[in-house]
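Here are my notes on the model, as numbered points. Please read them with the structure open.

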Amino acid sequence: MQTYNSLTPEFIAKLQTIVGAEHVRMDAETLDRYKTDEETDERCFHLPDAVVDPANAEEIAAIMKLSNEYLIPVTVRGGGSGIVDGSIANCGGIVLLMERLNKIIELNSEGMYLIAQAGVRTIDIQKLANENGFLYAGDPCSAESCQIGGNLATNAGGNKAVRYGVTRNQVYAVQIVTPMGDIVDLGAPLKKCSTGYCMEQLIIGSEGTLGIITQVTLRLQPLPPCRLDMLAVFTDPLAAISVVPKVAKAGINPTSIEYMDNPNVRTTSQFLDFPGAPHKEDGIYVIFTIEAFNEDELDMKMEQLNDICEECGAIDVLEADDRIWAMRRNCLESVRLVSLVCTTDDVVVPVDEMGPMLQYIIKTVAKYPFPLRINAHIGDGNLHIVLCKMDLSDEEWEEQLGKFTREVYTYVYAHGGRLSGEHGIGSKKAGFMEEFTPRGELALMKKIKLAWDPNLILNPGKVFDI
Ligand SMILES: Cc1cc2nc3c(=O)[nH]c(=O)nc-3n(C[C@H](O)[C@H](O)[C@H](O)COP(=O)(O)OP(=O)(O)OC[C@H]3O[C@@H](n4cnc5c(N)ncnc54)[C@H](O)[C@@H]3O)c2cc1C
């Protein structure tokens, strides 16, 4: 790994000149606040040397130039809702906050796009789009706490990906500050474009290793006026998963197909104080959202869905209310009722491999000393495997978790899958990225990183090590 310099009084003085002294914080309380993101394992925490909150792209560009000159690492932090240690400054240096870049610049109704600064919360983009009769289709469960720039950096998925795709499908253009400190605009609000490399797509999902996203131009969809949430309850996980291909082939095109296993149903109903959650004793939930442009279409889709779920063995199919979605959105938060330290994995496999994958995981975890819970974006082949440390010692947890994870990843890659469907690699999975990524692909990624960031200043240790 690259070696870096410590912050000197001269460097700090120059930093203060760029952003103003009050926007460079080095007090113990602030440094402590930014030692982690959603990571709960203290061994992964790392104190930055300074926390800086710039006002605009020009200040960020000046910070990057200065950091290159003094060889100081910079780690970007959006909403800090990431779960792969992406915004932890594991090499020290500066944590760069995006929260002052928080303006929505334009909603263009005719062109159906929205321009926002990267630090705007995702939920505020969703709300503004809705108020204007549009849908912004990016919808991670963390929408209230994450930022749109963080969503692009991780290529966030979420609850509407099955119909609308993931974050990269919602983006027309980005503005970035390169690691060397240049401000560059990539992409444009065009329906089609065959004009050289698609650079904005390279930035999306690069987890802050290739540039700091400062502004985004997002695609808007017409907001379907009719919408219905349905809950199908199963007792057999494979039966629950078997609805996915049937729904796809029937052309229902649901907005969401979400899965919660029974431990998740129980804990979220307790966490949200919802004792009347349907079939909470033994139910596995599959939550659907369907949308349509008229009531007849909605009714037809509802009947089709109902029939498919019953055919697949659902014990109950109900119209759902917001509480079911609150349960789904709180799967991760509520796990802390069971264990303060837990880990969430996010493997993705081809949709037709979901059933065998789930079976494999349930069988494999039986050899290990930790309880498992699974929630999944099953329409996308994306499984969140949540493991709880409970009262295992640190050593036992690390050893057993490492073994389990390696077994699962080996299976995933043998069946055409990848390490992450939406959370990214961060520093948490960087070692596994080295181990599992095909050599040629990894070598190309490293060449791109070195070409963009020769001093390895920006987000060092994320995605892979050089
Ligand atoms: C309760 C909960 C539910 C979640 N549900 C989902 C879900 O449904 N789908 C999903 O995909 N994820 C989900 N996540 C994970 C997380 O919310 C996403 O990864 C989100 O996109 C992170 O955004 P953030 O602004 O919080 O970024 P951060 O956590 O601050 O950062 C994440 C990474 O992006 C980089 N980054 C952040 N901002 C920028 C920027 N402006 N420019 C360049 N790099 C940047 C950081 O350096 C880091 O590497 C969930 C997390 C929680 C805690």
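1. Start with the open sheet. Its 4 strands are ordered 1-2-4-3, and the pairing is mixed. Strand 1 (24-25) and strand 3 are the edge strands, each with a single partner strand, so one side of each has no neighbour in the sheet. Keep in mind throughout that this is a predicted model.

2. Look at the strand 1 edge. Strand 1 pairs with strand 2 (residues 50-52) in the antiparallel sense, over 2 bridges. Val24 faces Val52 of strand 2 there. Ala13 is a useful reference point for Val24: the two are 11 residues apart in sequence, and their C-alpha atoms are 9.6 Å apart in space. Ala13 itself belongs to helix 1 (residues 9-19). Is Ala13 buried or partly exposed? Its relative accessibility is 37%, so Ala13 counts as partly exposed.

3. Now the strand 3 edge. Strand 3 runs parallel to strand 4 (residues 94-97), and 4 bridges join the pair. Thr75 stands opposite Val95 of strand 4. Val74 and Val76 point to one side of strand 3, while Thr75 and Arg77 point to the other. All four of these residues are buried.

4. Strand 3 also leads to the ligand. Which residues come nearest to the ligand? Out of 37 residues around it, they are Val76, Gly78, Ser81, Gly82 and Ser142. Val76 places a backbone N or O atom 2.6 Å from a ligand oxygen. Ser142 uses its side chain instead: an N or O atom there is 2.5 Å from an oxygen atom of the ligand. Gly157 has a polar backbone atom 2.9 Å from a ligand oxygen. How much of the ligand does the protein cover? On its own the ligand has 970 Å² of accessible area, and the protein covers 97% of that.

5. Check where the shell comes from. Four elements give two or more residues to the shell around the ligand: strand 3 (74-77), helix 5 (148-154), strand 10 (212-219) and helix 13 (331-334). Helix 5 gives the most, with 5 residues. By class, the shell has 20 polar, 12 nonpolar and 5 charged residues. Domain 1 (104-222) and domain 3 (338-428) each supply at least three residues to the shell.

6. Strand 18 (residues 382-388) deserves its own point. Of its 7 residues, 7 are buried. Asn382, His384, Val386 and Cys388 point one way from the strand. Leu383, Ile385 and Leu387 point the other way, and these too are buried.

7. Strand 18 pairs with strand 16 and with strand 17. Strand 16 (residues 342-345) is antiparallel to strand 18, with 4 bridges between them. Cys342 stands opposite Cys388 in this pairing. Strand 17 (residues 372-377) is also antiparallel to strand 18, joined by 6 bridges. Leu372 has Leu387 of strand 18 as its bridge partner. Strands 17 and 18 form a hairpin with 4 residues between them. In the turn, Gly381 has a positive phi of about 70 degrees.

8. One residue of strand 17 is worth a look: His377. Its relative accessible area is 1%, against a cut-off of under 20% for burial, so His377 counts as buried. For orientation across the model, His377 and Thr214 are 163 residues apart in sequence and 29 Å apart in space, C-alpha to C-alpha.

9. Last, a loop residue. Where is Ser420? It sits in the loop between helix 15 (394-414) and helix 16 (430-436). At 18% relative accessibility, Ser420 counts as buried; the cut-off is under 20%. Its side chain reaches two backbone nitrogens. The nitrogen of Gly424 is 2.8 Å from the Ser420 side chain. The nitrogen of Glu422 is 3.3 Å from the Ser420 side chain.

How values were computed
Residues numbered from 1 in each chain as written. Predicted model: local features only at pLDDT ≥ 70, side-chain atom pairs only at ≥ 80, totals over all residues. Heavy atoms only, no water. Near = heavy atom within 4 Å. Polar contact = N/O pair within 3.5 Å; in protein donor to acceptor, adjacent residues only side chain to side chain. Areas by Shrake-Rupley, 256 points an atom, 1.4 Å probe, with all protein chains shown as cover. Nonpolar A, V, L, I, M, F, W, Y, C, P; charged D, E, K, R; others polar. Domains from an automatic or database assignment. Pairing = 2+ DSSP bridges. Buried < 20%, exposed > 50% of the residue type's maximum accessible area, 1.4 Å probe, protein only.
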